[in-house]
Each structure stands twice: as C-alpha cells, then as structure tokens.
Amino acid sequence: MFKYAADIIKGVLSLCEGLGVTLKHFFRKPFTLRYPDVRPEIPLRFRGRLVLPVDPDKGAHRCTACMMCVKACPNRSIEIEKETGEDGKPKPRAAKYYYNLGTCIFCNMCVESCPFAAIVMSDEYELAVYDRETLMQELTAENLRLDGAKGAWWKSKFREETAAGKGEASNG
Ligand code: SF4
C-alpha cells in the first residue's frame with residue numbers, strides 16, 4: 001500500500017517536471033524561421049557556392065590564371081583556361097574558369113590559396129538542380145557582382161591586401 005502511494009507521488013512529480021520544461025520553452029523566443037518566407041542571416045564565413053566576382057575597381061574579375069587554386073583543390077573541381085594574346089602567348093588572365101559544384105566539398109582551400117582574392121565562397125545555399133550537367137559552371141561568364149555584407153567583406157579583404165603590397169598583378 002505504501003509503495004503504491006509512493007509510486008503515485010513519484011508519477012505526479014515527474015508529470016509536473018515535464019510540464020515545467022514545456023512551459024519554459026513555451027515562453028522562449030522560437031529558434032526556427034518561417035523559411036522560405038523568412039531567410040536566415042548568413043555568417044560571413046559561410047561556405048556556399050564558389051564565385052568569381054567582378055572587382056568594382058577594375059570592372060573585371062581578378063583571376064590571373066596562376067593555377068594556385070587548381071593545385072590546392074583536393075577534389076579537382078577547378079579547371080582554368082588562360083587567355084592567349086594575338087602573339088599566341090598565354091596572358092596572366094583566366095579566359096574560362098570551370099567550377100564543378102557537383103564534386104566541390106566546400107573546403108575553402110581554393111579561396112585560401114588565391115594570392116589575389118579573386119574567388120570567394122558565396123552566401124548561396126539553395127544549390128539543388130534537376131540537371132547534373134548544370135553543376136559544371138563557367139564562372140567568368142557569370143560576371144557576378146557580389147553585394148551585401150559578403151560583398152563588402154570581400155572588397156575590404158582584397159583592398160587591405162593591395163594596400164599591403166600583396167595581391168597585385170598585371171591583369172591586362
Ligand atoms: S588562385 Fe586565384 S588568381 Fe590564381 S587561378 Fe585561382 S582564382 Fe585565379
């Protein structure tokens with residue numbers, strides 16, 4: 001009889017404890033968002049799709065086709081074709097920058113290896129496609145203007161490097 005009463009008290013206490021947790025969460029601010037109507041704020045260090053943005057100071061991309069990113073990529077997701085001059089000699093500029101989103105593991109090694117801050121991992125996170133062919137992207141053709149907080153951060157990054165005498169290249 002005594003054990004029976006003790007079990008009932010234990011059950012009621014456990015129920016109150018559970019209700020207490022529920023009540024505590026009921027008055028908390030929600031952690032979830034009404035996605036896709038409400039979009040999350042993306043941190044600057046977020047690694048989305050790789051992009052080759054247009055440098056607003058130059059009006060062109062900053063890639064010199066030095067191939068550092070190609071060598072740094074552990075998954076061989078980048079291929080670059082150099083521009084050739086009228087004399088047939090290669091120029092320090094990428095004519096085509098092929099990026100395979102399908103094999104990219106978003107490790108950021110390419111961005112870190114680039115001495116010219118030419119590439120950056122964007123805020124783009126909705127990357128699903130219906131056609132696998134579209135995962136191979138040619139980035140010079142995009143002429144992408146990087147705006148927002150990420151764009152400002154990227155510009156400050158290469159301007160700092162240029163001011164410090166690093167990341168300069170004859171890109172013409
Ligand atoms: S490391 Fe930078 S400059 Fe060199 S090829 Fe890659 S993106 Fe272009």
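Reader: What makes S4 and S5 a pair of strands?

Author: The bridge count does. Two strands pair if DSSP finds at least two bridges between them. S4 and S5 are joined by 7 bridges, so they pair. They run antiparallel. In this pairing Glu 79 stands opposite Tyr 98 of S5, and Glu 83 has Lys 91 in S5 as its bridge partner.

Reader: What kind of model is this, and how are residues numbered?

Author: The model is predicted; local features need pLDDT of at least 70, side-chain atom pairs count only at pLDDT 80 or more, and totals for chains, interfaces and linings use all residues. Numbering starts from 1 along each chain, as its sequence is written.

Reader: How do you know what counts as a strand or a helix?

Author: Both are DSSP runs, numbered from the N terminus: helices are H or I over at least four residues, strands are E over at least two. The protein comes to 4 helices and 7 strands. From the N terminus the order is α-β-β-β-α-β-β-α-β-β-α.

Reader: What lies between S4 and S5?

Author: A turn of 5 residues, which makes the two strands a hairpin. Gly 88 sits in that turn, with a positive phi of about 85 degrees.

Reader: How do you know that S5 and S7 pair as well?

Author: 3 bridges join S5 (residues 90-100) to S7. The definition asks for at least two, so this pair qualifies. These strands also run antiparallel. One of the links is from Asn 100 to Met 136, its bridge partner in S7.

Reader: Why do S4 and S7 stand at the edges?

Author: The sheet is open, with 3 strands in the order S4-S5-S7. S4 (78-84) and S7 (136-138) each have a single partner strand, so one side of each lacks a neighbour in the sheet. The twist from one strand to the next averages 30 degrees. That angle lies between N-to-C directions on a scale of 0 to 180 degrees, with axes as lines fitted to C-alpha atoms.

Reader: Why is Ala 65 called buried or exposed?

Author: Count its neighbours. A residue is buried if 20 or more other C-beta atoms lie within 10 Å of its own, exposed if 12 or fewer, and partly exposed in between, with C-beta atoms placed from the backbone. Ala 65 has 21 inside 10 Å, so it is buried. Its place is the loop between S3 (60-61) and H2 (68-72). Its phi is positive, near 55 degrees, in a residue other than glycine.

Reader: And what of Arg 76: buried or exposed?

Author: Arg 76 has 9 C-beta neighbours inside 10 Å, so it counts as exposed. It lies in the loop between H2 and S4. Its phi is near 50 degrees, again positive without being glycine.

Reader: What makes Ala 117 buried?

Author: Its 21 C-beta neighbours inside 10 Å do. Ala 117 belongs to the loop between H3 (109-113) and S6 (120-121). Over the whole protein, 19% of the 172 residues count as buried.

Reader: Which residues are closest to the ligand?

Author: Cys 63, Cys 66, Met 68, Cys 69 and Cys 114, out of 14 that surround the ligand. A residue is near the ligand if its C-beta atom, placed from the backbone, lies within 6 Å of it. The shell has 12 nonpolar, 2 polar and no charged residues. Ala, Val, Leu, Ile, Met, Phe, Trp, Tyr, Cys and Pro count as nonpolar, Asp, Glu, Lys and Arg as charged, and the others, including Gly, as polar.

Reader: How do you know whether the protein is spread out or a compact globule?

Author: Its radius of gyration, taken over C-alpha atoms, is set against a globule rule of 2.2 Å times the number of residues to the power 0.38. The rule gives 16 Å for 172 residues and the protein has 26 Å, so it is more spread out than a compact globule. Its C-alpha atoms fill a box of roughly 100 × 35 × 30 Å along the principal axes.
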